[in-house]
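Biologist: I am new to this structure and would like a close look at a single part of it. Please take me through the strands and how they are paired, and then through whatever lies beside them.

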Amino acid sequence: MRNKIFTLLFTVSLLLPTPAFAAPPADVTDNEVVFDFPNSATFRARITSDAEIQSVVLEYGNEQQTCGEVIAKAFPLFTPGTTVDAEWTWEMRQSGSLPPGAKLWWRWRVIDANGSETVSETKTATWLDDVHDWRTINEGLINFHWYRGDESFARDLLNAAQNGLEFNETESGLVAESPIDIYIYGNTDDLRDAVLYEPSWTGGQAFPDQDIVILGISQNDMDWGRDSIVHELTHVLVGHLTLTCLGDVPTWLNEGLAVYSEGELDSSSQAQLEDAIQNNTLLSVRSLSAGFSEVPDKAYLSYSQSYSIVKFLIETYGQAKMTALLTSLRDGLTVDEALIQTYGFDVEGLEDEWRAAIGAQARTISAEPTAQPTPTHVPTIVPISGNQFTGIQSTPIPTSSFDTQSTPEGPTRTGPPLSLTLILLCFCVLFLLVIGVVVLGFIVRRGNQNAGGQNE
C-alpha cells in the first residue's frame with residue numbers, strides 16, 4: 001500500500017509544473033553623464049549579462065511640466081556580447097539648448113538573448129557649467145544661485161524676488177506652488193555663453209516649464225536687476241497657472257503682467273506712452289497678441305502699452321477676474337472667448353474700453369478682418385542707457401493677407417471676355433483639323449507608293 005502511495009505521489013510530482021528560475025538581471029556599472037557645457041551631454045555605461053546582450057536603449061529627458069509623460073529614447077551602437085560599453089551623446093546644437101540648472105534624468109533598458117529585460121536605476125544630474133564657483137541661498141520657495149559679488153549683493157536681489165512673489169499673489173492672483181531656481185550670471189556675456197542660440201541683446205529669460213530664471217546682472221545694474229528678477233518670476237507664475245496644450249496666452253497679457261509686477265513705469269516709458277496717446281500712435285491690442293516688433297521704439301511702446309492694458313483690467317475689474325481670465329485661457333478658450341466670458345467684451349471691445357479710460361482717441365475701425373496672431377515668448381534685453389525696458393521679439397507681427405483693393409460689389413474679372421474665348425477655341429479646333437487632314441493624306445500617299453513598288 002505504501003509503495004502504491006509513493007508511486008502515486010511521484011507520478012503527480014512529475015505532472016506538476018516545475019518552477020522556473022529567473023535569470024539574473026544585467027549589471028549596469030560605470031553609469032554616468034559627462035557634460036561639455038553648453039554643447040552636449042554624453043551618457044556612458046558598462047553592461048554585463050550571463051547571456052548575450054542584444055538590445056540597449058537609453059531613455060532620458062529633463063524634469064519639466066508637460067501635458068503628458070515625455071520620454072526620449074536613443075539607440076547607441078554596440079557589438080552584441082556578454083559585456084557591452086554603451087555610449088550616446090545628446091547634442092544640444094541639434095536639439096536646442098537646455099537652461100542652466102535643468103535637471104536631467106536617464107536610465108538604460110537592456111534585453112539579452114533569453115528575452116530577459118533589465119531596466120537600470122534612474123539617475124539625475126544638474127545641467128550647469130563648472131566654470132563658475134556657484135553659491136546658493138535657499139529661502140522659502142526661492143533657490144538663489146550666484147557666483148560673483150558678496151552675500152549682500154545676493155540678499156538684495158533675493159529680497160526683490162520675495163517682494164515680487166508677494167506682489168503677484170496679492171495684486172494679480174499669481175501664486176508660486178513649487179520652488180523656483182534663479183541663476184544670476186555676473187554679466188550678460190557670461191549669460192549668453194551659457195545658452196545657445198540666444199539673441200545678442202538677451203539679458204535674461206524665464207523657463208516656466210523647468211521653474212528656472214536666468215539673468216546676467218552686474219553690480220552696476222542693480223536697479224535693472226531687481227525689476228528684471230520680478231519680471232521673469234512673473235512669467236514663471238503665469239506659465240504655471242496657464243499650463244495647457246489647448247491654447248495660448250497673448251503676449252500683451254503675459255508681458256503686461258510681468259511689467260505690472262515691477263511697479264510703476266519708469267519716467268522714460270511713461271513719457272513714451274503719453275506721447276503715443278497724444279499723437280494717436282498707439283498700437284492695436286490685437287497686434288500685441290503676437291511677438292513684439294524688432295524696431296526698438298515699437299518694442300518699448302509694446303511693453304508700456306501692455307502694462308497699461310493689464311493695469312486697466314486689474315484696477316477696474318479686480319484681481320479675481322484677472323485670475324478667471326488666465327484660467328479660461330488655460331482651459332482652451334481663445335482670447336476673444338475668454339475676454340467675453342470674463343468681462344463681456346472681445347479684444348476690440350477691450351481696446352475701446354481701455355482707450356476711453358486713458359483718454360486716447362477712439363479706435364480706428366477698419367473694414368478689413370484682423371489677423372489672429374500666435375503669441376511667442378519674449379526674452380528680457382540688456383539695460384540700455386539706464387532705461388528699464390524688457391525684451392525685443394525677433395518675430396514680426398503678422399498682417400492681414402486680405403486684398404485691400406477688393407470692393408463690396410465683388411471681385412473684378414481678370415480673364416478675357418467670353419466671346420473672345422469662344423473665337424480662339426474655334427480657331428484651335430480648325431487648326432487641329434487641318435493638321436489632321438494633311439497627316440492623313442501623307443500616310444495614304446506613302447501607302448500607295450509602297451503598294452506600287454510591291455506590284456513591280
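Modeller: A good place to begin is strand β2, residues 40-62, which pairs with strand β4, residues 81-91, in the antiparallel sense over 10 bridges. Please keep in mind that this is a predicted model. To find this pairing by eye, look for I53 of β2, which stands opposite G81 in β4.

From there, β2 can be followed to its other partners. Strand β5, covering residues 102-112, runs antiparallel to β2 and is joined to it by nine bridges, and one place to see this is G61, whose bridge partner in β5 is W105. Strand β3, which spans residues 72-74, also runs antiparallel to β2, and three bridges join the two; here Y60 stands opposite A72 of β3.

Strand β1, residues 27-36, pairs with β2 as well, again in the antiparallel sense and over eight bridges. The two strands β1 and β2 form a hairpin, with three residues between them, and V28 has I47 in β2 as its bridge partner. As a general point when tracing such strands, side chains in a regular strand alternate between the two faces of the sheet.

Beside these strands there is also some enclosed space to consider. The count comes to one cavity of 30 Å³ or more, and the volume of the largest cavity is about 40 Å³. Its lining is made up of P24, P25, A26, S49, V110, I111, D112, S116 and T118, and β5 gives the most to that lining, with three residues. Sorted by class, the residues that line the largest cavity are five nonpolar, three polar and one charged.

For a contrast with the strands, one can turn to a pair of helices further along the chain. Helix α7, residues 267-278, packs against helix α8, residues 296-317, at an angle of about 90°, and their axes are 9 Å apart. Because angles from 65 to 115 degrees count as roughly perpendicular, α7 is described as roughly perpendicular to α8. On the α7 side the contact is made by S269, Q272, L273 and A276, which meet D297, Y300, L301, S304, Q305 and S308 in α8. Taken by class, this contact of α7 with α8 has four nonpolar, five polar and one charged residues.

Conventions: Residues are numbered from 1 along each chain as its sequence is written. This is a predicted model: local features need pLDDT of at least 70, side-chain atom pairs count only at pLDDT 80 or more; totals for chains, interfaces and linings use all residues. Side-chain values use heavy atoms; hydrogens and water are left out. Axes are lines fitted to C-alpha atoms, for helices over the stretch in contact, and angles run from 0 to 180 degrees between N-to-C directions. Helices (H or I, at least four residues) and strands (E, at least two) are DSSP runs, numbered from the N terminus. Angles under 35 degrees count as roughly parallel, over 145 as roughly antiparallel, 65 to 115 as roughly perpendicular and the rest as oblique. Contact means heavy atoms within 4.5 Å. Ala, Val, Leu, Ile, Met, Phe, Trp, Tyr, Cys and Pro count as nonpolar, Asp, Glu, Lys and Arg as charged, and the others, Gly among them, as polar. Two strands pair if DSSP finds at least two bridges between them. On a 1 Å grid over the protein atoms alone, a cavity is a set of points where a 1.4 Å probe fits but cannot get out, and a pocket is an open set with protein on both sides within 12 Å along at least five of seven lines; lining residues have an atom within 4 Å of a point. Grid points are joined across faces, edges and corners, and a volume is the space filled by probe spheres set on the points.
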